Amino acid sequence: MSNDLPAPEVGAEKLGAVFGPASADDQHDLVQLLTPEGERVEHNEFAFDGDDETIKGFYRDLVLTRRIDVEATSLQRQGELGIWAQLLGQEAAQIGSGRALEPQDMAFPTYREHGVAWCRGVDPLALLGLFRGVDHGNWNPADKNFALYTIVIGAQALHATGYGMGQLRDGVVGTGDPGRDEATIAYFGDGATSQGDVNEAFIWASVAQAPVVFFCQNNQWAISEPIERQTRIPLYQRALGFGFPGVRVDGNDVLACHAVTKAALQRAREGSGPTFVEAYTYRMGAHTTTDDPTRYRLSTDLEHWKLKDPIERVRAYLTRHAGADESFFADVEGEADEVAKRLRTGCRALPEPQILDIFDQVYAEQTDELAAERDAYAAYLSTFSDDHNTAEVVS
Amino acid sequence: MSQTTLSKAITNGLRASMEDDAKVLVMGEDVGKLGGVFRVTDGLQKDFGEDRVIDTPLAESGILGTAVGLAMRGYRPVCEIQFDGFVYPAYDQIVSQVAKIHFRSKGKVPMPIVVRIPFGGGFGGVEHHSESPEAQFAHTPGLKVVACSNPVDAYFMIQQAIRADDPVIFLEPKARYWEKAEIDVDATPAPLFSSRVVREGTDATVLAYGPTMKTALQSAATAEQDGVSVEVIDLRTLSPLDMRPVYESVRKTGRAVVVHEAHTNLGIGAEVAARITENCFYSLEAPVLRVGGFDTPYPASRIEEEYLPDLDRILDAVDRTRSY
Ligand SMILES: Cc1ncc(C[n+]2csc(CCOP(=O)(O)OP(=O)(O)O)c2C)c(N)n1
């Protein structure tokens, strides 16, 4: 079966010779600093600047993020969440990039950036509300500089760009003071790169030289559609056409993701404009808990990618080269158990939304019309005399 | 005859249309191997190939924009928008191009495009997955908008929509995808752009379409137990509206209640109420009432049952019209 778009037939070879190849060989472009076997390797452009303690911290982040994901998945299975968007396999891309951010940077996520949320210090419990159906995301973006989850594919790429333009205008880019300089990062998937919004964001950011890092987790699937349905060239190569650099990094290598994102953010902060980072990874779980990947995906692919697991390689490195012992791993495990327990009990205790509240949340300044609609509904509710707290409802 | 679900009925209708006419194409996100996120296109790619059941890039404006070109080339694209809330990236193409090209070309270029949109809530979705955008399209000249409410209509209406030479926004009540009925495929269907009395009554007329039809029928059954006879009309077509059966009914009952999930303000119900008032003023015993979604964004799903028009709110409105 070929998911490839039909190849041009007429005179393709001849025209190819005149115009050059339509796509480049992408086998050798991957930035990697830690192999799947847990060995550090050098790259001529990017280097990881942390020590073994930092890597231990990353390990903890990776394990806890995976546990949050696994726990939320089982909460969905138990009927506590309506749906959950799993990140299994994408932990390194999220922790590597998330830990490269400074507190003053701004992040614009999709609906899957649970690991980035973790790095920003957003309470994992707050992530559950959207999926449980009690709210649409219950954190203040300004508190941790982490925008609300965005469900409409690609929309946030433009928001990030506009935010970056604001940073430029506010004079917090290129000040020379690392404590003041700001950048913005926009997260999206490979499928999102087909959206008009994402392409418009590229143009905008490029023209404005906005301090934006476009961080694409190419997990190779947009629900059931393989990457070949979205592009014929490696995604990172698209950036050049928009006028900024693109780089492909091993998305399962937390050190490489950290190094590359940090460099891209640095470029943005100093006023050199946007960068496109393609974190090449694989979605090991389903798209969401309602998806059935066996209908379209090969299990051999999954087996292949399991060998590249983002956590195992860090564990191997720490064991072999950083003297991490069993007690270190047991501590992290224990902490993960705690987080999981908190999610379980916390999820069930999330406050139920109240219908009358929705009328007050539509506008900053309430309209008479809507207030009347609210009152009419409250009055209607009060006619159910045997129902709960009617008095409170009418007041 | 076996029972068919509403979603399967659409699959079968699509299949019949594709067999009838080689120009019919199905396109959208995940419609191929996966068979769509609701499995409505299940099996079609296997039978008709990747050229006719096209997994498109993840770009709604692209889906509709290329459909325009394919239609100009003589094809009949049936575009699937995955969920109601994701039609807006395509809104510009639908409203500015699909709707206007026939007019702009002085009738030379038809746009036989069907845009299938699973719409409405009540199934526990996250935001952007439960919206009712019908009024936005019904307000656009050049588009036709229909909503099916049961498997039999779904089977015939999708085929009729595909045969139509105008662009049709085809709304599928996703919360009713699993409703079952027997379908006599040899029956002669009602015309696509017609509304239909589905339950006779004398005391009040309840008008609904799509997902709220089931609720409307349940409320009529409940009212009957209280000795109130409610006539129920399935509007089926929202643009053009087919008002003749409605006027006839209201002249008989003197009372009308319009029900939909969409926001009440400037919704289909407002148009229907205005037309009834203009045409049946002297038959009306009470103002035409609306029962709709509130004028707030769709809420978190834990309270959607309260947001959506339910049995009680419909019965309450019927009571109110009867108390004038
Ligand atoms: C505009 C829009 N169209 C369709 C959808 C439905 N949908 C949700 S996720 C998804 C696939 C996204 O794939 P990708 O961008 O690669 O990100 P991933 O989920 O794989 O991380 C689709 C089609 C949507 N949310 N928004």
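Pro240(B) sits in a loop of chain B, between β12 (237–239) and α9 (244–253). In this predicted model, the peptide bond that joins Ser239(B) to Pro240(B) is cis. Its omega is near 0°. Ser239(B) closes the strand β12, whose span is 237–239. The helix that follows the loop, α9, covers 244–253.

Helix α9(B) packs against a further helix of chain B, α10, formed by residues 268–280. The two axes come within 10 Å. They cross at roughly 65°. The crossing of α9(B) past α10(B) is right-handed. On the α9(B) side, the contact is made by Val246(B), Tyr247(B), Val250(B) and Arg251(B). On the α10(B) side, Arg275(B), Ile276(B), Asn279(B) and Cys280(B) take part. By class, this contact of α9(B) with α10(B) holds five nonpolar residues, one polar residue and two charged residues.

A second helix pair in chain B consists of α8 (residues 212–225) and α12 (residues 311–322). Their axes come within 9 Å and cross at roughly 60°. Helices α8(B) and α12(B) are therefore oblique to each other. Here too the handedness is defined: α8(B) passes α12(B) in a right-handed crossing. From α8(B), the contact draws on Thr215(B), Ala216(B), Gln218(B), Ser219(B), Thr222(B) and Ala223(B). These residues meet Leu311(B), Ile314(B) and Leu315(B) of α12(B). The contact of α8(B) with α12(B) comprises five nonpolar and four polar residues, with no charged residue.

At the level of domains, chain B is divided into domain 1 (3–182) and domain 2 (196–321). The C-alpha centres of these two domains of chain B lie 26 Å apart. Across the boundary, 26 residues of domain 1 of chain B are in contact with 23 residues of domain 2 of chain B. Together the two domains of chain B bury about 1,800 Å² between them. Of that area, 51% lies on carbon and sulfur atoms.

Chain A is likewise assigned two domains. Domain 1 of chain A spans 12–349, and domain 2 of chain A spans 355–388. Taken over C-alpha atoms, the centres of domain 1 and domain 2 of chain A are separated by 41 Å.

A helix pair of chain A was also examined. Helix α2 of chain A comprises residues 52–77, and helix α3 of chain A comprises residues 91–98. The axes of α2(A) and α3(A) come within 10 Å and cross at roughly 130°. The pair α2(A) and α3(A) is therefore oblique. The crossing of α2(A) and α3(A) is right-handed. Helix α2(A) contributes Phe58(A), Asp61(A), Leu62(A), Thr65(A) and Arg66(A) to the contact. Helix α3(A) contributes Glu91(A), Ala92(A) and Ile95(A). The residues in the contact of α2(A) with α3(A) divide into four nonpolar, one polar and three charged.

Chain A also carries a backbone feature in a loop. Gln209(A) has a positive phi of about 50°, although this residue is not a glycine. The loop that holds Gln209(A) runs between α8 (196–208) and β4 (212–218) of chain A.

Technical notes
Residues are numbered from 1 along each chain as its sequence is written. Chains are lettered from A and ligands numbered from 1 in the order in which they are written. This is a predicted model: local features need pLDDT of at least 70, side-chain atom pairs count only at pLDDT 80 or more; totals for chains, interfaces and linings use all residues. Side-chain values use heavy atoms; hydrogens and water are left out. Axes are lines fitted to C-alpha atoms, for helices over the stretch in contact, and angles run from 0 to 180 degrees between N-to-C directions. Helices (H or I, at least four residues) and strands (E, at least two) are DSSP runs, numbered from the N terminus. Angles under 35 degrees count as roughly parallel, over 145 as roughly antiparallel, 65 to 115 as roughly perpendicular and the rest as oblique. A crossing is left-handed if the near helix is turned anticlockwise from the far one by less than a right angle, and right-handed if clockwise. Contact means heavy atoms within 4.5 Å. Ala, Val, Leu, Ile, Met, Phe, Trp, Tyr, Cys and Pro count as nonpolar, Asp, Glu, Lys and Arg as charged, and the others, Gly among them, as polar. Domain bounds come from an automatic or database domain assignment. Buried area is the accessible area (1.4 Å probe) that two parts lose on being put together, summed over both.
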